[in-house]
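Welcome, and please open your viewer. We will go from stop to stop, selecting a few residues each time and looking at what is there.

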Amino acid sequence: MKQVSQWASFGGALSVFDHDSAEVNCSMRFAVFTPPHAQWGKVPVLWYLSGLTCNWSNVMEKSGLQRKAAALGVMIIAPDTSPRGEDVPNDEAYDLGQGAGFYLTATEQPWAKHFRMDQYITAELTDLIASEFDVADMDRQGIMGHSMGGHGALTLHLKHPDRYRSVSAFSPIVAPSQVPWGQKAFSTYLGDDRTAWAEYDACELVAKAPSSASILIDQGEADQFLEEQLQPELFEAACAEAGQKVDVRRHPGYDHSYYFIASFIDDHIAHHHRALSA
């Protein structure tokens, strides 16, 4: 692990690291915000998964999360959204290939060698954080994300509810098997077997195994992707049927941008802090 940048922020530190990943077979970059509370002991860990075309920098530079994370004493980790590099397969479209890993393990060629972002986050990067950051309390982890990253946060929580004790999302893709973004990615990365798709679909996962967490979702009503790609009502219905606690907050006038995320990021960090402090 090599540190490539570091900035002081609200009494803590925002650091960026590179490391060679055996899981996705390329160099990967991620960011960590360490709050000032880490000077005195271990702090809870909150993962932030970004959306299509993004990397670690979007949330760290645009959301303003450092102020609330510093105040409450929460470490925040922002992985990249996909493997990257000259040897990594790519596509000209923004919603496939590099920048669009969809937090799954690809089984189709040429993607299978590199596109293993769920395994990378839950195994390799988690182990790296645990070994390199002795202030990270790995018994208190939460996960959140935006859009494609909201899909990742919901699915990884539902698959690992004992690890990610808290969960939230901004404008998540809740039913990828039913919308164009997910159908394109799943058919490319996983093939045509829809039983494989169900393992990465939050609506399908919550129907089989709801968690004990209370899920927080914020959705802008002026989001340009709301009707075609996001459809939060599908997840609300699935949660109601399964008995899953969920609060979908709809906000008039807000779109899909980081102006929206910055408006409500404090609420999400507080949501996770309460759950991880219980």
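Start by selecting phenylalanine 102: with a relative accessibility of 0%, this residue counts as buried. Keep in mind on this tour that the model is predicted. Phenylalanine 102 sits in the loop between S5 and H3. Its phi is positive, near 60 degrees, although the residue is not a glycine. Most residues other than glycine have a negative phi, and most peptide bonds are trans.

Stay in that loop and select glutamine 109 and proline 110. The peptide bond joining glutamine 109 and proline 110 is cis, with omega about 5 degrees. Proline 110 also belongs to the loop between S5 and helix H3 (117–132).

For another positive phi, go to threonine 53, where the value is near 75 degrees. This threonine is in the loop between S4 and helix H1 (56–62). Is threonine 53 buried or exposed? Threonine 53 counts as exposed, at 51% relative accessibility.

**The sheet**

Now switch to a cartoon view. Nine strands make an open sheet with mixed pairing, and their order is S1-S2-S3-S5-S4-S6-S7-S8-S9. Strand S1 (2–9) and strand S9 (245–251) are the edges, each pairing on one side only. On average, neighbouring strands of this sheet are turned by 20 degrees against each other, direction ignored.

Select residues 12–21 next, which are strand S2. Eight of the 10 residues in S2 are buried, so this strand is mostly covered. S2 runs antiparallel to S1, and seven bridges join them. To see one such partnership, pick glutamine 6, whose bridge partner in S2 is serine 15. The hairpin of S1 and S2 has two residues between the strands, and phenylalanine 10 takes a positive phi near 50 degrees there.

With strand S3 (residues 26–34), S2 pairs in the antiparallel sense over nine bridges. Here valine 16 stands opposite alanine 31 in S3. Four residues lie between S2 and S3 in their hairpin, and asparagine 25 in the turn has a positive phi of about 60 degrees.

Move along to strand S6 (residues 136–146) and strand S7 (residues 164–170), which pair in the parallel sense over six bridges. Isoleucine 143 has valine 167 in S7 as its bridge partner. Then add helix H4 (residues 148–159), which packs on the sheet and touches strand S4 (43–49), S6, S7 and strand S8 (214–220). The direction of H4 makes about 140 degrees with that of S6.

**Helix H10 and its rings**

Select residues 258–277 to show helix H10. H10 lies across S4, strand S5 (75–78), S6, S7, S8 and S9, and runs at about 165 degrees to S7.

Now show side chains for Phe170, Tyr254, Phe260 and Phe264, which form one aromatic cluster. How many aromatic pairs does a search of the whole structure find? The search finds 12. In one of them, tyrosine 254 and phenylalanine 260 have ring centres 5.9 Å apart and planes at 50 degrees, so this pair is tilted. Phenylalanine 260 also pairs with phenylalanine 264, edge-to-face, at 5.7 Å centre to centre and 65 degrees between the planes. These two phenylalanines, 260 and 264, both lie in helix H10, four residues apart, about one turn of the helix.

For a last look, switch on the surface. Tyrosine 254 is partly exposed, with a relative accessible area of 29%, whereas phenylalanine 260 and phenylalanine 264 are both buried.

Definitions and conventions
Residues numbered from 1 in each chain as written. Predicted model: local features only at pLDDT ≥ 70, side-chain atom pairs only at ≥ 80, totals over all residues. Heavy atoms only, no water. Pairing = 2+ DSSP bridges. Axes fitted to C-alpha atoms, helices over the stretch in contact; angles between N-to-C directions. Contact = heavy atoms within 4.5 Å. Phe/Tyr/Trp six-rings, centres within 6.5 Å; stacked < 30°, edge-to-face > 60°. Buried < 20%, exposed > 50% of the residue type's maximum accessible area, 1.4 Å probe, protein only.
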